[in-house]
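Reader: Hey, got a minute to walk me through this one? I'd like the overall picture and then some of the odd spots.

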Amino acid sequence: MTCFDRRDLGLLLLRLGTGGVLAAHGAQKLFGWFGGHGLEGTGQFMESVGYAPGKASATASGLAETGGGVLLALGLATPAAGAAAAGAMAGAAAVHAPNGFFNAEGGYEYAATLGLAAAGLAVTGPGRLSLDHALGHVFDRGWMVPVALGATAAATATVVGLRNQRLRRREEGEQQALFEE
């Protein structure tokens, strides 16, 4: 009998693929790697789409994607890692939602797919081919799943809600900062 099965191998592949893509996207934001714009350029973009202050928003998004992605790939602190990445992708989906669903039209399909994969991993767990398993699931307890997903959902709803208020004010010509830099 082997120490792992097809499910464990499938979870490893899903974690490596999803985590790797998320980490690369985060590294674009944080460091300008892989053709990214770094914190300065990403911060300007974030500000332009209603996330303010822009540089702080770029930092938070980059950390959630890079940190969540790396931790998912390793299978470490899987509930928190998956929740953080899913929250970042929900914020990205909000930006792309006006363009509809499909990515080819600039829609939220890609962000939703990554976010759902990350959330699914948070719920399912990393499998036996993971650091969580090797460490006795110290950072992957059952109670951590609803706590991590609930806290992330609340934070994401707040951030996206503030963004939507800012965009409404911008449309009305009332450009007021929601946060002080």
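Author: Sure, we can start with the fold and then go through single residues.

Reader: What should I know about the model and the numbering before we start?

Author: This is a predicted model, where local features need pLDDT of at least 70, side-chain atom pairs count only at pLDDT 80 or more, and totals for chains, interfaces and linings use all residues. Residues are numbered from 1 along each chain as its sequence is written, and side-chain values use heavy atoms, with hydrogens and water left out.

Reader: OK, how many helices and strands are there?

Author: The protein chain has 7 helices and 0 strands. Read from the N terminus, the order is α-α-α-α-α-α-α. Helices here are DSSP runs of H or I with at least four residues, strands are E runs of at least two, and both are numbered from the N terminus.

Reader: What about the radius of gyration and the box?

Author: The radius of gyration of the protein chain is 17 Å, which agrees with the value near 16 Å for a compact globule of 181 residues. That radius is taken over C-alpha atoms, and the globule rule is 2.2 Å times the number of residues to the power 0.38. Along the principal axes, the C-alpha atoms fill a box of roughly 65 × 35 × 30 Å.

Reader: And how much is buried?

Author: 40% of the 181 residues count as buried. Buried means under 20% relative accessible area, exposed means over 50%, and partly exposed is in between, with a 1.4 Å probe and protein chains only. The protein chain exposes about 9,700 Å², with carbon and sulfur atoms supplying 65% of that. Those areas come from the Shrake-Rupley method with a 1.4 Å probe, and for residues only the protein chains shown count as cover.

Reader: What share of the contacts joins residues 24 or more positions apart?

Author: Among contacts with a separation of 6 or more, such residues account for 64%. A contact means heavy atoms within 4.5 Å.

Reader: Switching to aromatics, how many pairs are there?

Author: The structure holds 4 aromatic pairs. One of them is F31 with W33, whose ring centres are 4.7 Å apart with planes at 35°, so the pair is tilted. Rings of Phe, Tyr and Trp (its six-membered ring) pair if their centres lie within 6.5 Å; planes under 30 degrees apart are stacked, over 60 edge-to-face, and the rest tilted.

Reader: Which residues make up the cluster around there?

Author: F31, W33 and F34 form one aromatic cluster. F31 is partly exposed, at 47% relative accessible area. F101 and F102 make an edge-to-face pair, 5.1 Å centre to centre with 80° between the planes. F101 is partly exposed at 37%, while F102 counts as exposed at 53%.

Reader: Now the odd backbone. Where is the cis peptide bond?

Author: The bond from A52 to P53 is cis, with omega near -5°. P53 sits in the loop between helix 2 (38-48) and helix 3. Most peptide bonds are trans, and most residues other than glycine have a negative phi.

Reader: So which residues have a positive phi without being glycine?

Author: A77 has one, with phi near 55°, and H137 has one of about 60°. A77 is in the loop between helix 3 and helix 4 (78-96), and A77 is buried at 16%. H137 is in the loop between helix 6 and helix 7 (144-172), and H137 is partly exposed at 23%.

Reader: What does S61 touch?

Author: Beyond its neighbours within four places in sequence, S61 is in contact with K29, M46 and A88. S61 belongs to helix 3 (residues 54-74) and is buried, at 13% relative accessible area.

Reader: And S130, buried or exposed?

Author: S130 is buried, with a relative accessible area of 9%. It lies in the loop between helix 5 (109-124) and helix 6. Not counting residues up to four places away in sequence, S130 touches R15, L74 and G75.

Reader: Last one: where is H133?

Author: H133 is in helix 6 (residues 131-134), partly exposed at 36% relative accessibility. Leaving aside neighbours within four places in sequence, H133 is in contact with G127 and R128. H133 and A118 are 15 residues apart in sequence and 18 Å apart in space, C-alpha to C-alpha.
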